[in-house]
Amino acid sequence: MNLLIMGGPGAGKGTMSEKILEKYEILHISTGDIFRAEMAQQTELGLLAKSYIDKGLLVPDDVTNPMVKSFLEKSDHSKGYLLDGYPRTLDQALAFQELVAGTDLEIDKVLFMDIPFEVLAQRVTGRRICKECKAIYHITNHPSKVDGVCDVCGGQLIQRKDDTVESLNVRVSEYQKLTQPVLDYYAKFGKVKKINADQSIDDVWADVQKALED
Ligand SMILES: [Zn+2]
C-alpha cells in the first residue's frame, strides 16, 4: 500500500501519519529524512543536494525526484510506504509518476485531510503554549486549570506569533496554490480519498482506516 498524505497546516496530518505507520508498518518517507540519509551516505545525488543546501539554495526537482525514487528502491518498502510532504507541486507529481510508472512504487492512494478554514482558525488562534516546558493548550478545547498558567510547570502560557488568522490565511493560501493541482492530478485517476478532519481523532482515524481498506 503506497500512500501520499496531504493536508494543510493544522489538519492533523502528523497524528494520522503516526497511527498509519503503527498499524500498517509501512515505510515513512519525508524529503528531509531522505536528504539527510543520502548526504550521510555521500551518494552522488546526496552530494549534489548538499552543494545546493550549503549555498542556502533549494534543492531543485531534478535532484529531489530521482533521490526519492532511489531511496524508496533501496529501502524495505515490501509493505508499502507513506509519503509526507512530497510531491508537493504538480511538477514533482508528474516527474515522480514518470520515474515510477509500471513499478511497485506507484502511489495507490492519496489521503487528503480536509478541514474548513473557520475550524482551522478556531484551532490555531485558541492555541496557547507554555513558555517554559512547551506544553500545548487550547482556550476552549483543552484549557489549563488556571487561566494563563501551565498545569505541568506553572510557567506562563503564551500565544505564538504565527498563531493568528492573518498568518494562517497566508500559510493556507500558499499551501492550496501549490497542492490543489496535485490533488486534481491524482483525482483524475480516482486515487484521492477525502477525509473529514473536522471530527474527534478517533472518528478521523476510523475514516482513514475505512479509506485505506476499501
Ligand atoms: Zn509548562
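Two strands are said to pair if DSSP finds at least two bridges between them, and this tour of a predicted model uses that meaning wherever partners across a sheet are named.

**The whole chain**

Begin with the full chain in view, where eight helices and eight strands can be traced and where the C-alpha trace spans about 55 × 45 × 30 Å along its principal axes. Of the 214 residues, 24% count as buried. If you display contacts between residues at least 6 apart in sequence, 70% of them join residues at least 24 apart.

**Select Met-1**

Move next to Met-1, which lies in the segment before β1. Met-1 counts as partly exposed because 13 other C-beta atoms lie within 10 Å. Leaving aside neighbours within four places in sequence, the residues in contact with Met-1 are Tyr-24, Ile-26, Gly-80, Asp-108 and Leu-212. For a distance to check in the viewer, pick the C-alpha atoms of Met-1 and Ile-107, which are separated by 8.1 Å although the two residues are 106 apart along the chain.

**Select strand β1, residues 2-6**

From Met-1, extend the selection into strand β1 (residues 2-6), which is mostly covered, with five of its five residues buried. In a regular strand the side chains alternate between the two faces of the sheet. Here Asn-2, Leu-4 and Met-6 point one way from β1, while Leu-3 and Ile-5 point the other way.

Which strands does β1 pair with in the parallel sense over four bridges? One is strand β3 (residues 81-84), where Leu-83 is the bridge partner of Leu-4. Another is strand β4 (residues 109-114), joined to β1 in the parallel sense, again over four bridges, and in β4 the residue opposite Met-6 is Phe-112.

**Select the nonpolar core**

In soluble globular proteins, nonpolar side chains tend to be buried together. In this chain the largest nonpolar core has 35 residues, and those with the most contacts inside it are Ile-5, Met-6, Leu-82, Leu-111, Met-113 and Ile-195. Center on Leu-82 and, not counting residues up to four places away in sequence, you will find that it touches Leu-3, Ile-5, Ser-17, Ile-20, Leu-21, Ile-26, His-28 and Ile-29.

**Select helices α2 and α4**

Two packed helices are described by the angle between their axes and the distance between the axes. Color helix α2 (residues 31-40) and helix α4 (residues 61-74), which pack at an angle of about 80° with their axes 10 Å apart; the angle therefore makes α2 roughly perpendicular to α4. To see where they meet, show Thr-31, Ile-34, Ala-37 and Glu-38 in α2 together with Thr-64, Met-67, Val-68 and Phe-71 in α4. Sorted by class, this contact has five nonpolar, two polar and one charged residues.

**Select the sheet β6-β5-β7**

Finish at an open sheet of three strands, in the order β6-β5-β7, with antiparallel pairing. Which strands stand at its edges? They are β6 (136-138) and β7 (157-158), each with a single partner strand, so one side of each is left without a neighbour in the sheet. Strand β5 (residues 127-130) is joined to β7 by two bridges, and these strands run antiparallel. As a last selection, take Cys-130, which stands opposite Leu-157 in β7.

Methods
Residues numbered from 1 in each chain as written. Axes fitted to C-alpha atoms, helices over the stretch in contact; angles between N-to-C directions. Parallel < 35°, antiparallel > 145°, perpendicular 65-115°, else oblique. Contact = placed C-beta atoms within 7 Å. Nonpolar A, V, L, I, M, F, W, Y, C, P; charged D, E, K, R; others polar. Buried ≥ 20, exposed ≤ 12 C-beta atoms within 10 Å, placed from the backbone. Core = buried A, V, L, I, M, F, W, Y, C linked by C-beta atoms within 7 Å.
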